[in-house]
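Welcome! Take a moment to look over the sequence and the 3D view, and then we can walk through some of the details together.

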Amino acid sequence: MEKTTAMMKRMNVLEIIEQIVELTCDQGITTETKKGKAQLISPARPYIKELMLRLGIADEMEALFLAVFTDQCNDSRINVKDIARHFDVRAVKILSLAQHIDSLVRRGIIMRKKDSDGDVTYRVPNRTIECLRHNMLPEQEPTSNLTVQEWYDRIDELLARRDNDEIEDGELYECIDNLIDNNPQIELTHRLRSFGLGPNNLKLFLVFCRIFTNDHDDKIMRSDLRDYFDTRDLRNHVTGLTQGTHHLMKLKLVEHACEDGQADTERWRLTDYAKREVLSELKLSVKKDNRSNLTRHEDITPKTLYYNDAVTRQVEQLKSLLEKERMTRVQQRLKEKGMRTGFTCLFYGAPGTGKTETAQQLARLTGRDIMLVDVPSIRSKWVGETEKNIKEVFDRYKRLAANNDMAPILLFNEADAVLNKRAEGATGSVDKMENAMQNIILQEMEQIDGIMIATTNLTASLDPAFERRFLYKIEFEKPTPDESRHIWASMLPQLTEEEALCLASTYSFSGGQIENIARKQLIDSVLTESDALDIQAIHQACRLERLGKHDVKRVGF
């Protein structure tokens, strides 16, 4: 026992966690009651007690779950079955101990998410991993004596978690109330209390503020709100907003948006009174065009990409075209000839071959921001709303292009779902909606006065009408062994030239698959605090990359 204790003292927190994970794998969860308190029976208990001491955790089971969740930190959707599988117990056993997991969630050490089907998953945020690397847990952020910007940032963070289904309404309302009550020095908190808003209306007003400050969006629609509210609450809010009877409208905080001088009853905005008087402390004007779906070109990480000769020529030509002065001259010549001035590009090919990354690097190299289209969020079960959503995408792009010195790139990533073949003789409501949406896209592609890039893995289902409207079409193929060698060397610089060549010759991987291997190696190096490269571990990761399929090149006859 003394030897174990001495060894533990020399370990860091991640090494202790590794021991806990090793000693509890497939060992079940057994407890005994001593002095009215349940205690673990496990060979890992000395390490668990040491982890509790190092991190200030008062509960054995909480420390145990922290270790097991940390071991699965590379999975953003950890579920109860994953945890049960580690211990080799039934999921119901983990559910009976869920209060210990809930404690970790309340402290922000792990995050919980509930999807539309009610399925609950967890993830370990990067902040927790970084703190564990430094032998500590993340500190809970203060809730009092905040500046107005700190207060608002905390509200924004809470709403972002609600948007991602990582916090439920009850906890959200409690956190917002605490932030308001604990900061009486902020004028905004007094104003919010003076309106006498119930929790749901207060949340709606703060959601309007978030969308406006993050997106500078004065045309908020139903689709912008749906991720913050359940179906019933959303329906009630939309009914009141559409009819002009909502409580926020009566308080002159929200009003109908205007289009060509006419009130648009299906789009809404904060009133000038709300921006000028209620939110004056926030100085909202500094947030202009800070769109949540807009990636700034200066924020894109430089990356070297490797293509075959044909793709290299096409990408270089496109990069040259997108440079500001050259694009202006080309558009002017096209306009003089009565031709369309927009540039539409299709990047197609197998997954992981660099289509999306090429669009990102083109934006970075030409100084253009990217407006990323969230294709799944366009679709709606409400009749007519999908068409409005896709029209709003192009309307937003036009506003961005008009308000910026250089038109951004409109990127439809993984666009298979919106570019597929239209249904002939459509009679069903779904087919009609799909056709209407695609007709809008086709029309907008004809009129676009900027740059649109769509990426897809599936060209067989592409409607011929879309194919004709793409000016540039670039096919991305899996890299050759020589290209693959360069990718391996760039992703894992510790590899020798011989090792990179061996990996490239052995495994027919895309760039995305190679990046997966590199990410796993980085995660392992963080957990073990060792930068040494284990080539055998790299080969093992390669063999496991394709879910039972052997993506290995055959040698010989």
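## A first tour

Let us begin with one helix. H4 is mostly covered, with 11 of its 12 residues buried. Please keep in mind that this is a predicted model.

Which residues of H4 are buried? They are Glu60, Met61, Glu62, Ala63, Leu64, Phe65, Leu66, Ala67, Val68, Phe69 and Thr70. The helix covers residues 60-71 and reaches 17 Å from its first C-alpha to its last, close to the 16 Å expected at 1.5 Å a residue. At the N-terminal end of H4, Asp59 acts as a cap. A side-chain oxygen of Asp59 lies 3.0 Å from the backbone nitrogen of Met61.

Now for the rings. Six aromatic pairs turn up in a search of the whole structure. In one of these pairs, Phe69 and Tyr122 meet edge-to-face, at 5.5 Å centre to centre and with 70 degrees between the planes. Phe69 lies in helix H4 and Tyr122 in strand S4 (residues 120-123), so this pair ties together parts that are 53 residues apart in sequence. Both Phe69 and Tyr122 are buried. Elsewhere, ring pairs join Tyr307, Phe347 and Phe476 into a cluster.

Tyr307 also appears in our next stop, among the residues touched by Glu483. Glu483 sits in helix H25, which spans residues 481-491. Is Glu483 buried or exposed? Glu483 has a relative accessible area of 11%, which means that it counts as buried, the cut-off being under 20%. Leaving aside residues up to four places away in sequence, Glu483 touches Tyr306, Tyr307 and Asn308. With Asn308 there is a polar approach as well: a polar atom of the Glu483 side chain lies 3.1 Å from the backbone nitrogen of Asn308.

Here are the two polar approaches from this tour, side by side:

| Side-chain atom | Backbone atom | Distance |
|---|---|---|
| Oxygen of Asp59 | Nitrogen of Met61 | 3.0 Å |
| Polar atom of Glu483 | Nitrogen of Asn308 | 3.1 Å |

Finally, let us step back to the whole chain. Its secondary structure comes to 28 helices and 12 strands. The protein chain has 557 residues, and buried residues make up 46% of them. Of the contacts between residues at least 6 apart in sequence, 68% join residues at least 24 apart. The accessible surface of the chain comes to about 28900 Å², and carbon and sulfur atoms account for 48% of that surface.

Terms used: Residues are numbered from 1 along each chain as its sequence is written. This is a predicted model: local features need pLDDT of at least 70, side-chain atom pairs count only at pLDDT 80 or more; totals for chains, interfaces and linings use all residues. Side-chain values use heavy atoms; hydrogens and water are left out. Helices (H or I, at least four residues) and strands (E, at least two) are DSSP runs, numbered from the N terminus. Buried means under 20% relative accessible area, exposed over 50%, partly exposed in between (1.4 Å probe, protein chains only). A polar contact is a pair of N or O atoms within 3.5 Å; within protein, one must be able to donate a hydrogen and the other to accept it, and residues adjacent in sequence count only if both atoms are side-chain atoms. Contact means heavy atoms within 4.5 Å. The expected span of a helix is 1.5 Å times one less than its number of residues. Accessible areas come from the Shrake-Rupley method with a 1.4 Å probe; for residues, only the protein chains shown count as cover. Rings of Phe, Tyr and Trp (its six-membered ring) pair if their centres lie within 6.5 Å; planes under 30 degrees apart count as stacked, over 60 as edge-to-face and the rest as tilted.
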